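Open your viewer and keep the selection box at hand. We will go stop by stop, and each stop says what to pick and what to look for.

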Amino acid sequence: MTDQSLRNDPAALPPPVRNALEWNAFLEATIYPLLTADLIFTHVAHSFHKSPTKWRGGCPWHQSKSGTSFTVDPGSLRWYCAGCAVGGHVLQYLDRRAGGDGVVRGQRFFDLIRQLCALVKVDFPQNEMSEEEKALALRLETRRAILEATVLHCQQQLGLPEAEPARAYLQQRGFHADHLLELEIGLYACPERLRKYLLAAGFDEQAILESSVLWPKARGYATFPWRDEVGRMLTLYGQITPLVDPGHPKKLAWPNPRDPQGHNLEHTKRSPYCLQRALAARHQRVVVVEGLTDAALLQALGQTDVIGIVAGLLSQDQIHTLQRRHIEAVVLALDPDQAGDRNLDSNIVRLAQAGIRPYVAPRLPEGVDPDRFVLQHGVQGWQQHLQGKIHGFRWAAKNLMTTCGPATSDEQKDQLQTQAVRWAARFSEDHATDLLVHFFPPLTSCLGLSAEMLLAEVRRARQPNPSSPQLVAPPLVPSPAWETPLPLPKTAPAPSFPLEVFPDPLRQACTIIAATIQAPVDFAAAALLAAVSASLGARRALAIKQGHAQRGALYLAIIAEPGSAKSPVLGAVMAPIKRLQQETIQRWKQEKRRYEELLEQYEDRKRARKRSAKGEDPPEGRSDPPAQPLLRRYLVERATVEALGPILEENPAGILCLHDELGAWIAGQNEYKGGKGSDSQFWLSAWSGEAGPIDRKGDHDRGPLFTPYPFVTVIGNLTPDDLSLLRTTRPSGKKVHDGFCDRILLVYPDEFPASEESWCEIPDTLTQYLDNLYARLRSLSMEPLPGAPGDTVQYRPFIVGLEPETREVWQTFTREHAAEVNAPDFPGYLKGPWSKLKGYCARLALLLHYLHWACADPAGPSGDKERVNATMMTRAVTLLRYFKGMAQRTYALIDGDARMRAATRVWEWLDEHPEKKVFTRRDLHQGLKRNYLFVHPDSLHDPLKVLETYGWIRMVEEAPGGKPGRPRSVRYERNPRWPAPGSGREKERETVPAEPAWEEGEV
């Protein structure tokens, strides 16, 4: 399905959709695979805490005190709010977002589908349905909504006191309270009570009757919701409890309503039970059991790859669903009875013909179903049991040998050979390798024939009757004709750094450094901001109002690929600070040598005084011990939190932490304490300037270190592959949203093109200018804090205020900033950084204020003024817009759809290798395995699926492995309409002066 704007051929429009089942197939095959949780659940109230299997956040319709009442399953897109006691799928969510009641009726059903089509850029199908067909489609969707409401009602009934016998029975079967909630298990207590509940929820009584949920026969049964592979309700399944009178069936399924022609309104077994949970857990191999309660219990115990079919035989619809969802292998673990054994052979044939590799688990002990087995032996016993599985073809060969009996006579051998050839002839030549490896070897010793001879017999058997009935699965690509592929969503473009916020000399400085080193000007500008921040340090703070003051501390990350000249730019801008630090260290070493000499003399005098007490003559006069020299620190690299304590105490004006590899700084937090330390908390507090004691490890008697106004500016380099570190705990690697990433200003410009040597050099006068600039900022003094006589003097920042006109600029900025956050389409993953960017605007205004003062710029203060003017605040807002654009670009990569990010990287690799017309997943993995997104070959499954959906590639016939027994490699071919390499995609090279001139100024 392609965007209509990409082609002008009317014949290429989507086919008409005429009935409910076709609408259902359209949503399943075209719309739902393209949807992600980030696309749908965009309300700002959510602010999700994300995990791979469940998102928790606030509710759009009630004030959630905990902020976690609204949950979303990102795999199935199902949602539920515990506070509102409502839930559903995509259509119900969108309807409630628009002010509806979640019951999709009338034209609203088609409006929502049209909205989803626009969201995923798919044409809305030609709607040629009659009024009767429309009513049927709406009836199907209404029934699903009623089933969703019924599930919620039954869950409530199971929690009532009179349901205690049912809860006790379910607990005896292995289902604990958290399992009941996770699997949405409920109790069907009373049809009349359910009818009143549904009426109160806004459903029409006629629709309730037509949905067949009011079923007196189900009274007292435990209810298990059965959903399709995308999480939509298909039906309810009942399990008997002590509340049911004896003589009733142990299990039952709710009746399926019929259309006016007598056909079933919904095929309730077209998708296996719990398949949506297996897909959400990214399983490509599943275990099939018969019983619904078997699958439910195993799912509850963490075996998310188990699905149920509630029969011994997989239906054709279920197999097609598994094939459509790219399930690669199925382990059959059916009940240990004659029906299960009898259905195994048919299941093996159907799965193999559909391209799904079948396996057979060992037979369970007689009379022990999977749920009983796992209760007796535990999950570990179940996993050990499955390790004994064999290929379905091998099981079929052994089953033939058992059925035909011992092949001792020629007649018995002929009979076994005939049955084996007949069984193998049902498969195409694509299965030749599996037959040679798994099916024929068990038979060769009995028949005295080689596997190759048996395969030749099979090929001859196919010739006389090539049209023998087979279950042929529908092709994954409906037509061999290629259509124009849809463009993949692109990463947000990088904004240009607004050099106009700097004074003229510094604009020239950034341009010259970038042109000389051949790097983006953003690198030099970001490094300059960090240097200015560290030079000003804690000497000044900007008070927006009483109780709200911001200092100029920055956490900056320069993001670029290795070899992008990040480190040389940092070195050029920080050269004056590094040289100053080296000179300070040399002076300190000299002072320390002099101190050691004076200390030795002092100790000699002390010893002389002790001797004088024994009758010797006392020395002339007395003296105090010499003062130990302190090392003034301007810069630290690779320092631990324990080492920073005394450094900050001795340097109240603050320090600069410079990291050539910022990823090592992030990953190294808490590494000395097994991940249980407080390094992360220290850096969170240091950004805010919050005081906190640091205990001394080797000198406990002297008490903890305490700095009232700690100041640290951090800057470092980061590669795009390490962006995931910003959302992980240190060092466990688990996902976390602790606000650490939100405090970092991100600089991620477009890649700078490589070029020949420019022969430009950085003038010495420019380095001297920066040195003088930093020195003038360091010349500002701090305010001493009052203390007791004899105490160590401590200092606080000098407070700077706002001019009256500046308050208006700040008011306008905060109003627009709040409007962005409160917008309905504001992404939830940007809410955290936006909360920190508001404070960053004040910090940037303070830095620009004193930067212009140090440069004596006419737009800035003429002297050491105590108020920030409106011009500096306006420039700070401009600079903040740049960092907002960088945050949108970068956070989309960190928190956006990982499948699309990975698909884009695969697309780029294929575009760089035009010779790969046909390729396998193994080919891609060999080329991409150095990227953290593709550590394992299975990680290519989702991006390849995305590229298939967008029409760039498609699957072709399977290629046999290179060696016997080696898994088959699925081959893909690329769309011949793939754009020619390099056509219109070259990045425009940034124009810089060939020989930039430095106009020397005065500081």
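Start by selecting Arg 594 and Glu 597, which form a salt bridge with their closest N and O atoms 3.4 Å apart. A salt bridge here is a side-chain nitrogen of Lys or Arg within 4 Å of a carboxyl oxygen of Asp or Glu. The two residues are three apart in helix H22 (residues 566–612), so about one helical turn separates them. Helices (H or I, at least four residues) and strands (E, at least two) are DSSP runs, numbered from the N terminus. Arg 594 is partly exposed, with a relative accessible area of 46%, and Glu 597 is partly exposed too, at 44%. For this tour, buried means under 20% relative accessible area, exposed means over 50%, and partly exposed is in between (1.4 Å probe, protein chains only).

Before moving on, a word on what you are viewing: this is a predicted model, in which local features need pLDDT of at least 70, side-chain atom pairs count only at pLDDT 80 or more, and totals for chains, interfaces and linings use all residues. Residues are numbered from 1 along each chain as its sequence is written, and side-chain values use heavy atoms, with hydrogens and water left out.

**More salt bridges**

Now pick Glu 600 and Arg 607, whose side chains meet in a salt bridge (3.7 Å, N to O). Glu 600 is partly exposed at 45% relative accessible area, and Arg 607 is partly exposed at 40%. Elsewhere, salt bridges that share partners join Arg 78, Glu 148, Glu 184 and Arg 227 into one network. How many salt bridges does the count come to? By this rule, the count comes to 28.

From that network, select Glu 184 and Arg 78, which form a salt bridge with the closest N and O atoms 3.0 Å apart. This pair links distant parts of the chain, 106 residues apart: Glu 184 is in the loop between helix H7 (177–182) and E6, while Arg 78 is in strand E4 (residues 78–81). Both Glu 184 and Arg 78 are buried.

**The sheet around E7**

Next, show strand E7 (residues 222–227), where six of six residues are buried. Ala 222, Phe 224 and Trp 226 point one way from E7, and Thr 223, Pro 225 and Arg 227 point the other way.

Widen the selection to the open sheet of four strands, in the order E6-E7-E8-E9 with antiparallel pairing. Its edge strands are E6 and E9 (251–253), each pairing on one side only. Two strands pair if DSSP finds at least two bridges between them. Walk across the sheet in order:

- E6 (residues 186–187) and E7 run antiparallel, joined by two bridges; look for Gly 186 opposite Thr 223.
- E7 and E8 (residues 233–239) run antiparallel, joined by six bridges; here Trp 226 stands opposite Thr 235.
- E8 and E9 run antiparallel, joined by three bridges; Tyr 237 has Ala 253 in E9 as its bridge partner.

Pause at the hairpin of E7 and E8, which has five residues between the strands; there, Gly 231 takes a positive phi near 95 degrees.

**A buried aspartate**

Select Asp 294 in helix H11 (residues 292–300). Asp 294 is buried yet has no salt bridge, and the nearest side chain of opposite charge, Arg 173, is 5.4 Å away. Lys and Arg count as positive and Asp and Glu as negative, while His and the chain ends are not counted. What does a polar atom of the Asp 294 side chain lie 3.3 Å from? Show the backbone nitrogen of Asp 371 to find out.

**Two non-glycine residues with positive phi**

Go to Lys 121, which is not a glycine but has a positive phi of about 60 degrees. Lys 121 sits in the loop between helix H4 (107–119) and helix H5 (131–158) and is exposed, at 55% relative accessible area. Then jump to His 326, also not a glycine, with a positive phi of about 60 degrees. His 326 lies in the loop between helix H12 (316–324) and strand E12 (329–332). Is His 326 buried or exposed? At 17% relative accessibility, His 326 counts as buried.

**Last stop**

Finish with helix H31 (residues 921–928), in which Arg 921, Leu 924, His 925 and Leu 928 are buried. Look down the axis of H31: its buried residues fall within an arc of 100 degrees (taken from the directions from the helix axis to the C-beta atoms), so they line one face of the helix.

Technical notes
A polar contact is a pair of N or O atoms within 3.5 Å; within protein, one must be able to donate a hydrogen and the other to accept it, and residues adjacent in sequence count only if both atoms are side-chain atoms.
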